[in-house]
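Please look at the sequence and the 3D structure below, and keep both in view while you read. The paragraphs that follow begin with a single pair of residues and then widen to the whole chain.

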Amino acid sequence: MLDPKLIQELIDRAKAAYDQAYVPYSHYPVGSAVLFSSGKIYSGCNVENASYGLTVCAERNAIFQAIARGERELKGIVIAVPSEVFPSPCGACRQVIREFAVDCPVILMNGQGHLRWTSLKVLLPEAFGPEFL
């Protein structure tokens with residue numbers, strides 16, 4: 001279970017991240033904040049590209065920033081959007097989360113500040129991970 005103060009910091013950082021999103025095509029800003037075992041939090045936003053396949057989701061942006069700084073064990077993630085509908089990580093993001101956590105809390109937040117708690121195992125049951133290689 002995550003400490004309430006950490007949860008609030010993750011939420012604040014995810015909300016701040018979606019304000020930086022580059023979304024000229026979808027107009028759907030997403031922010032994410034991730035907590036790693038070191039206790040450090042990293043955030044990221046989605047960055048779209050005219051060649052749609054090159055777009056990077058907020059979740060992967062945040063995780064990749066952490067990995068670039070030497071982190072390896074993901075402990076939790078918040079994904080936030082300013083709209084009323086709750087976000088949900090895409091399949092690619094779910095698999096990237098799985099690369100660095102067998103399971104972890106996934107907190108989804110809509111623009112009204114409502115939270116929906118789930119977990120990686122719920123979002124990606126029977127996942128394929130590095131231990132299978």
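Which residue in β3 is the bridge partner of L35? In this predicted model, the partner of L35 in β3 is G76. That pair belongs to a longer contact between two strands, for β1 and β3 (residues 74-80) run antiparallel and are joined by six bridges. β1 also pairs with β2, again in the antiparallel sense, and here there are five bridges. Within this second pairing, S32 has G44 of β2 as its bridge partner, while A33 stands opposite S43 in β2. The two strands form a hairpin with four residues between them, and in this hairpin G39 takes a positive phi near 95°.

From these pairings one can go on to the whole sheet, which is open and consists of five strands in the order β2-β1-β3-β4-β5, with mixed pairing. Because β2 and β5 (115-119) stand at the edges and have a single partner strand each, one side of each is left without a neighbour in the sheet. From one strand to the next, the twist averages 20°. At the β5 edge, β4 and β5 pair in the antiparallel sense over five bridges, and M109 stands opposite L115 of β5. A helix is also part of this picture, since α2 packs on the sheet, where it touches β1, β2 and β3, and its direction makes about 140° with that of β2.

It helps to place the sheet in the order of the chain. The protein has four helices and five strands, and from the N terminus on these elements run α-β-β-α-β-α-β-β-α. Residues that are 24 or more positions apart account for 60% of the contacts with a separation of 6 or more.

How many of the residues of β1 are buried? Six of the six are, so β1 is largely enclosed by the rest of the structure. The side chains can be followed in two groups, for G31, A33 and L35 point one way from β1, whereas S32, V34 and F36 point the other way, and all of them are buried. The edge strand β2 (residues 41-45) is also largely enclosed by the rest of the structure, because four of its five residues are buried. Across the protein as a whole, 46% of the 133 residues count as buried.

In soluble globular proteins, nonpolar side chains tend to be buried together. Here the largest nonpolar core has 24 residues, and V34, F36, I63, L74 and I97 touch the most other members. At least two residues of this core are supplied by each of β1, α2 (58-68), β3, α3 (91-100), β4 (105-109) and α4, and the largest share, five residues, comes from α2. Another core lies apart from the largest one and has 13 residues, including I7, A33, A80 and I107. To see how one core residue is surrounded, consider V34: leaving out residues up to four places away in sequence, V34 touches L10, K40, I41, Y42, A62, I63, L74, G76 and I77.

Which residues other than glycine have a positive phi? One of them is H27, whose phi is about 55°, and H27 lies in the loop between α1 (4-18) and β1 (31-36). H27 counts as exposed because its relative accessibility is 60%, and the cut-off for that word is over 50%. Another is E126, with a phi near 50°, which is placed in the segment after α4 (120-123). With 85% relative accessibility, E126 also counts as exposed.

Finally, consider the overall dimensions of the protein. Its C-alpha atoms fill a box of roughly 40 × 35 × 30 Å, taken along the principal axes. A compact globule with 133 residues would have a radius of gyration near 14 Å, and because the protein has 14 Å, its value agrees with that of such a globule. The accessible surface comes to about 7100 Å², and 55% of this surface belongs to carbon and sulfur atoms.

Notes:
Residues numbered from 1 in each chain as written. Predicted model: local features only at pLDDT ≥ 70, side-chain atom pairs only at ≥ 80, totals over all residues. Heavy atoms only, no water. Buried < 20%, exposed > 50% of the residue type's maximum accessible area, 1.4 Å probe, protein only. Pairing = 2+ DSSP bridges. Core = buried A, V, L, I, M, F, W, Y, C linked by side-chain atoms within 4.5 Å. Contact = heavy atoms within 4.5 Å. Rg over C-alpha atoms; globule rule 2.2 N^0.38 Å. Areas by Shrake-Rupley, 256 points an atom, 1.4 Å probe, with all protein chains shown as cover. Axes fitted to C-alpha atoms, helices over the stretch in contact; angles between N-to-C directions.
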